[in-house]
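Here are my notes for anyone opening this model cold. Have the viewer ready and go through the points in order.

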Amino acid sequence: MRNLLSFSAVFLLLGGSEAFATNPFSNFRTRARVKQSNPQLRDVGETVVDPLATDADIQQEPPITFTSSPTTEESTALNPSEQTLRSKILATDSEFQKSLPDTRSYRVISLPQNSLTVLLASDPQTDVEAASMHVRAGHFDDPPHRAGLAHFHEHMLFLGTEKYPREEEYEEFLGRNGGMSNAYTDMEDTNYYFNVAPLDHDDDDDDEGGSSEEEKDDNMNAEEKNGKSKKVRHGTSAALAGALDRFSQFFISPLFDESMLERELRAVNSEYLNGRTADNWRNYQMLKQGASKEHPFSKFGCGNYNTLTNGGDPSLKNENDGNSGEEESANGSTAVEFGGGSSPREDLIKFWTDKYHAGNLRLCVVGRASLDDLQKTVEQAFGGVRPPPPGFVANGIMDRIHAGKLQLPSPGESHPKDEHGEFVFLTEHSTYGPSVAFGPDQLGLIREVVPLVESRSVKIFSAVPPTDDPVLRESRPFQVLSHLVGHESPGSLHHLLMEEGWINSLSSGIGISCSDFCLTSISINLTPKGMRQRDQVLAKTWQWLALIKDSVMNDPHGLIEEYHKELKTITDISFKFREMGDPTDFSSRAAEKLFDYEPHKVLVGSSEAGEYDAEVARAFLQRLTPQNSLVVVTGPDVEDSQDDLDSSARDGEWQIEERYGGKYRQVRMSDSLLEKWNHPTDIDSRFSLPGLNEFIPEDVSLRCDDPDSVATFDPDIDYRKEPPKLIVDTPKLRMWHKMDRTFRVPKTSIRLQLNSPEVYRSPRAITLNRLFQKVLTDDLNSYVYDATVAGCNYRVSCVPSAYRFSVSGYSEKLPHLLDVVTARIASLIQEMKEGDEAHPALAEIFKKAKDNLLRQTKNYIYDSPYETGSYNMRMLMETPVWHISDYIAEMEGEYAEHDPLTMKECAEVAEKCLFGRSKAVSLCIGNIDEKQAKEVA
């Protein structure tokens, strides 16, 4: 966000994983606006040209020097209104690979004035218009004396331009047009985006690039003039045209107003101070501190007042005093300009000049207007962006290929090898070489970290080549690896560790991804028992990796290739029926993809996977060794632990990371431990690779195309507005149904709410029901993990009045998933009623669920003031209502010791709620007809 420096690593360092929820071949990303780009080579000091531009397109331009602000005359090569050149079309709509539900029209152009690459998307039905500019520059490009400059620069671009100098002009215009804006700064990227409602106004100030009233009237069709519909303007909406005109000035003539520097410096400093109390930021910076100081990954990306002013102290500045120089403030402290440091303005201008030109920018615009109208608007608004300097090549895969800086093997040609016969990955260590972020000195270590909030985890980071390296891009062995490491079926690492009661969760994927290296991440969230047994957890993890490696090395065209084919099939189906999605998110992602994909492949992107390559898979897996990894152990117990564990860093000195204050110590792995993990002599007999996925759909036909549905179709009905129909109405069940005729995707959603007065009858009852929900969720993972990989999902939740169940995904396999879930609920209750001795593994899951629920309940005190206030208001307004202290008393303390919660009691209470006096309400919607819905009932 504008006030949030975003890194993909933050989510992964917390153990998150979405690797295969929708697209198993997409680069692993964290996404609540947490993104990670995959740029490539940028030779320092190199002069380059946009490879897509001809000599005639490039406008020669002398270096720019700013004396006060980057003015229009200084930053615009040609006046857009005088242009007679036409944009070069790089991809037409017919060339794009689209999903079936995608009704947008697309075009990629290169502007005539500056060769700026732009993706245009015309969507006449959209209620939101959006645009995004992606800049291939991030905090890796910060100068040594201004840590955080890229982030600060992002802030400053919002604070006025030469054409629109008033600070709030941009935000106010978006607000008047139902829109918003945001931005994020990453390692090698910065992204700016906005959206508006497709509105037109009579206000001249808001009608940038609009038509006159006479022109608008001429554009009205007969139906509109007869009053049968609202007046529709032809051409780009005033809202989008005005927003683009204001947005474009960020990249043409920003002011970097000196009077606003101090306030914005303090805003960045406030973000930094907030991050000091968050474990994710502390963990991320500790990872960066452990990297080679010669590599830009080690930089401090957020920045603070001290680093941005090159030594300034914020306490020495009177925030309300705009005067320069030293003077005495009212409280006797000295007010010093920039806290005794220096102004960052000159460095801001230099950063903008060096990085913010058309060769280093990519734009995406989504609007209601036609492609031609959108193109005219973009040409007018962004024609003033400076062209790239001669010889510039952006740090992107396609730019490097077109410029001849990256040579791909010809079809049938063998993979590149070095003089020692070792596999060569073309982009590895190429961008910032010869420096290597994580080499032998930074790996082969065990690090122990003391968290702020109670949490226990083990993470294994392994250094590997960039995942978008041309050698890896086709076969993507890291996706099969991540799929197997994170698999939850019986016989998997996850299942074994859960059965032992050692973990709460396990995830895997790409943790850090940049242009010349990646770190894979295996993140294991531990229970207190698992923390004490972490030597065993780590030993089992390396055994599991050895089993996978053995299958790849010794069975090159066996089961591993079948997994690859499965994932490829899932990806193909997922893309085929992928819906268009939110225009804002689409524009932000697509602008970034323009750097790394051919224009006509921007939509399909990483969803297009090649065939399995055993040689590439072997070369990639050879990197997953202990000596090429960093093991991070996090927990409140490590500081005072006296355990004699192999995975302990007890011989290391405690250190404090200077930026965020994280406390850690580390030691090098011993030779004996390396040998044990590298060559496990005894792999656990319970391990077995998973079987093939039975939930992959084969029938993706649409029920709305069935003969009976076609026969009953009424063209006069707007089926989007038709409400669901009540098809079952009995004392025990009311079910509604609606078959999809609009979105035309082979997916269905079934939701069921089972209302029961027993769920919230007492603090003990609701606590036991919540425990059952946790046990059920953990238990079901091993039964339906394949379903989630194949695009079918389930959810079980317990609220004060009911249990809620939902299943969604591809229609063909949904009944099977529903059968598995409901059958397991009944059998699980029976097993739990048989007690701990009959089912010790289940007893471990119950104990872990109780520990987790207790910890989560007690962590209530760390909730935000808003959440705390909302909770206390509920306490005052609802009845009956139980307080958190009542739940805690059921799980720990004198009462809990006298009458403990048991697995048997938990099953009995859940059975009473689920199968006793209750009434169900259900909704079936999507690619399901009425007959099928009744069969569900």
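1. Which residue's backbone oxygen lies 3.2 Å from a polar atom of the side chain of T236? It belongs to D373. The side chain of T236 also has a polar contact of 2.7 Å with the side chain of T377. By polar contact I mean a pair of N or O atoms within 3.5 Å; within protein, one has to be able to donate a hydrogen and the other to accept it, and residues adjacent in sequence count only if both atoms are side-chain atoms. As for its place, T236 sits in the loop between α6 (222-225) and α7, and with a relative accessibility of 6% it counts as buried. Buried here is under 20% relative accessible area, exposed is over 50%, and partly exposed is in between (1.4 Å probe, protein chains only).

2. Some ground rules before going on. This is a predicted model, where local features need pLDDT of at least 70 and side-chain atom pairs count only at pLDDT 80 or more, while totals for chains, interfaces and linings use all residues. Residues are numbered from 1 along each chain as its sequence is written, and side-chain values use heavy atoms, with hydrogens and water left out. Helices (H or I, at least four residues) and strands (E, at least two) are DSSP runs, numbered from the N terminus.

3. Next, look at D245 in helix α7 (residues 238-248). D245 is buried, at 11% relative accessible area. Its side chain makes two polar contacts worth finding: one of 2.9 Å with the side chain of K163, and one of 2.3 Å with that of Y164. The C-alpha atoms of D245 and V378 are 8.5 Å apart, although 133 residues separate the two along the chain.

4. Now the open sheet. Its 7 strands follow the order β1-β2-β3-β9-β4-β6-β5, with mixed pairing. At the edges are β1 (88-91) and β5 (180-185), each pairing on one side only. From one strand to the next, the twist averages 20° (axes are lines fitted to C-alpha atoms, for helices over the stretch in contact, and angles run from 0 to 180 degrees between N-to-C directions). Strands count as paired if DSSP finds at least two bridges between them; β1 and strand β2 (residues 105-110) have 3, in the antiparallel sense. To get your bearings there, start at K88, whose bridge partner in β2 is S110.

5. A different pair to visit is β20 and β21. Strand β20 (residues 793-799) has 5 of its 7 residues buried, so the rest of the structure largely encloses it. It runs antiparallel to strand β21 (residues 802-810), joined by 7 bridges, and a hairpin of 2 residues links β20 to β21. One of the matches to check is R795 with its bridge partner S806 in β21.

6. How many salt bridges does a search of the whole structure find? The total is 53, counting each case of a side-chain nitrogen of Lys or Arg within 4 Å of a carboxyl oxygen of Asp or Glu. Take R107 and D372, with their closest N and O atoms 3.0 Å apart. R107 lies in strand β2 and D372 in helix α12 (residues 371-382), so this pair ties together parts 265 residues apart in sequence. R107 is buried at 15% relative accessible area, whereas D372 is partly exposed at 45%.

7. Another salt bridge joins the side chains of E167 and R263 (2.6 Å, N to O). E167 is in the loop between α3 (149-156) and α4 (169-176) and R263 is in helix α8 (residues 258-275), so parts 96 residues apart in sequence are tied together. E167 counts as buried at 19% relative accessibility, while R263 is partly exposed at 40%.

8. The side chains of D684 and R686 also meet in a salt bridge (2.9 Å, N to O). D684 is buried, at 12% relative accessible area; R686 counts as partly exposed at 37%. There is a network to trace as well: salt bridges with shared partners join R166, E169, E172 and R246.
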